[in-house]
Structures are given as structure tokens and as C-alpha cells.
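Let's go through a few labels and ask what stands behind each one. Have a look first.

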Amino acid sequence: MSIEGKVALITGAARGIGRGIALRLAKDGADIAIVDRERSTMQDVADEVSALGRKATVFAADVTDRSQVYAAVNHAESALGGFDIMINNAGIAQVNPIDDVTPEEVSQILAVNVEGVLWGIQAAAAKFKQRGATTGGKGVKNNGKIINAASIAGHDGFAMLGVYCATKFAVRGLTQAAAKEYAPFGITVNSYCPGVVGTDMWVEIDQRFADLTGAEKGATFQQFSDTIALGRSQTADDVANFVSYLAGPDSDYMTGQSVLIDGGMVYR
């Protein structure tokens, strides 16, 4: 079913999975607020959205700054005339043996992957309530959707990715708690859990594994990809297709879930 005329905000939308989600939701009929720190490429994505016949706006924000996330939500509503879907997609990876992780690395990844999602949840819920999402008891209609980026690393721990895994387990916990708190307002909260996606993030992960283990460049990506039951690595479009479902009305009765979309790597 369509999300024609809805307004969706996507963080980390200047490239990779975020860009894929922005374009897919635009194809579904939504107007798109593109939020990222990468000013140079945000407008390129906005132009692609416009070419699909939908409105687009860009807003530079650092998701680790709560005030900037709230400002991004306010901008989306003002520029696009509504606010219906929040996708907390921004995130970073970190590859390091647990023995070697530094306080600075922990602070950085927690700020982006956990606090960034938390501020996004807060800002979206506040806006949905401001726009009229009120407690309605049983049978309350949907009044907004919050969709978070988790990972297969939020379901299984992976060697050399320990702190990254911890942040994605945290996203699952936030998703469940927020779903329970906001259900009376008709606000649903779910997460998507990708696997090995052929984006710049995985290029960085592969390179870091190569630096630490001496593996050839591309070998780690291939090693992980070889475990995928469907026989190929994932694309941003594979993820975006599932996020389209979470953003649309067919998922209105679903909340608090962190769903694996990985081609068959981790099974729950």
C-alpha cells in the first residue's frame, strides 16, 4: 500500500543504505527530508528524489547533538508540510579487538549509534504528539512510525566487532522499550537488521580487518558473504525494500520488532 503524501525523515541519507531508503520511499510516494553531516552529497540525493516527482529538503545535522536532531525534525515539518515517518539510519562501524578498544572509540560509537537513535526517537515522538497523537486506548490508529537501524550484530556477537555489536543490541532494547511507551499514542517503533551490505561502511570494515589480521583486501567481505544462504551480498535496495514495508500501512499492527533482513545469515 502507498505512503503517498507522507513525509519521511532519514538520517545518514547522503549515501549507502540511507540514500537507498530515501529513493525507495520517494518511489512509494513520500516527500523526503534528507539529513546528514555530508553537505556535499545531500543535495545529490535530493535531486534524485525530485527527479522521481517528490519534494525533498536537506538539513545538515550531527545526530550526536540532541538539539540538532530536534531542529532537523522541525525543519522537515516546516519545509514539507507534515511529519509521519522517522528513520534513524545514521551509524558508524568499529573494528577492534576488545583488548584494544579505547575510551575515545567507545564514546564516539555510543554517541552515534545509541544516543543518535535515542535523540531521533525522542524528537519524532515529541513531534507526533504535538501533531495530535494522543492516547486512545484500545484500537488507537497509527499516528507515526519510528524505524531504527539495528543489525545482525544486534542479534549475534561478532569477534573484532564487540563494541559495535553492543551498540546494536542497545538499539534493539531502545526499540522494544519505546514501542511499549508510545503504543498508547498510536506510534509504532521497529528496527531493521541488515547483514553484509555492499556499501562504503563495509569497505571500511574490510580494510580494518585487513590492517589488523593481514588478510587480503576484500577477503573479509567475501568470507562473510560466503555464509549468506541466498548466495550473494546484500544491496542497499534489499534493505530499503524492507524499510518500505515498515514505513507503510501494511505494518501498522507491528511494533517493538527488530527484524533480520540479511539473506540468511543469522536465524531467530
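Q: What makes K168 a buried residue without a salt bridge?
A: Buried means under 20% relative accessible area (1.4 Å probe, protein chains only), and K168 falls in that class. A salt bridge needs a side-chain nitrogen of Lys or Arg within 4 Å of a carboxyl oxygen of Asp or Glu. The nearest side chain of opposite charge, E204, is 12 Å away, and K168 has no salt bridge.

Q: What kind of model is this, and how are residues numbered?
A: It's a predicted model: local features need pLDDT of at least 70, side-chain atom pairs count only at pLDDT 80 or more, and totals for chains, interfaces and linings use all residues. Numbering runs from 1 along each chain as its sequence is written, and side-chain values use heavy atoms, with hydrogens and water left out.

Q: Why is Y164 called buried?
A: Its relative accessible area is 10%, so Y164 counts as buried. Y164 sits in helix α5, and so does K168.

Q: Why does G195 get the buried label?
A: G195 comes in at 13%, so the label fits. G195 lies in the loop between β6 (187-194) and α6 (200-213).

Q: Which residues does K168 touch?
A: Contact means heavy atoms within 4.5 Å. Not counting residues up to four places away in sequence, K168 touches N113, A149, A150, S151, A153 and G154.

Q: How do you know that the "binding site" residues don't all gather at one spot?
A: The unreviewed UniProt entry's annotation includes Y164, K168 and G195. The annotated residues span 164 residues in sequence and the farthest two C-alpha atoms are 25.2 Å apart, so they do not all gather at one spot.

Methods: Helices (H or I, at least four residues) and strands (E, at least two) are DSSP runs, numbered from the N terminus. Buried means under 20% relative accessible area, exposed over 50%, partly exposed in between (1.4 Å probe, protein chains only). Lys and Arg count as positive and Asp and Glu as negative; His and the chain ends are not counted. UniProt positions are given in the numbering used here, feature names are shortened, and annotations may be inferred rather than shown by experiment.
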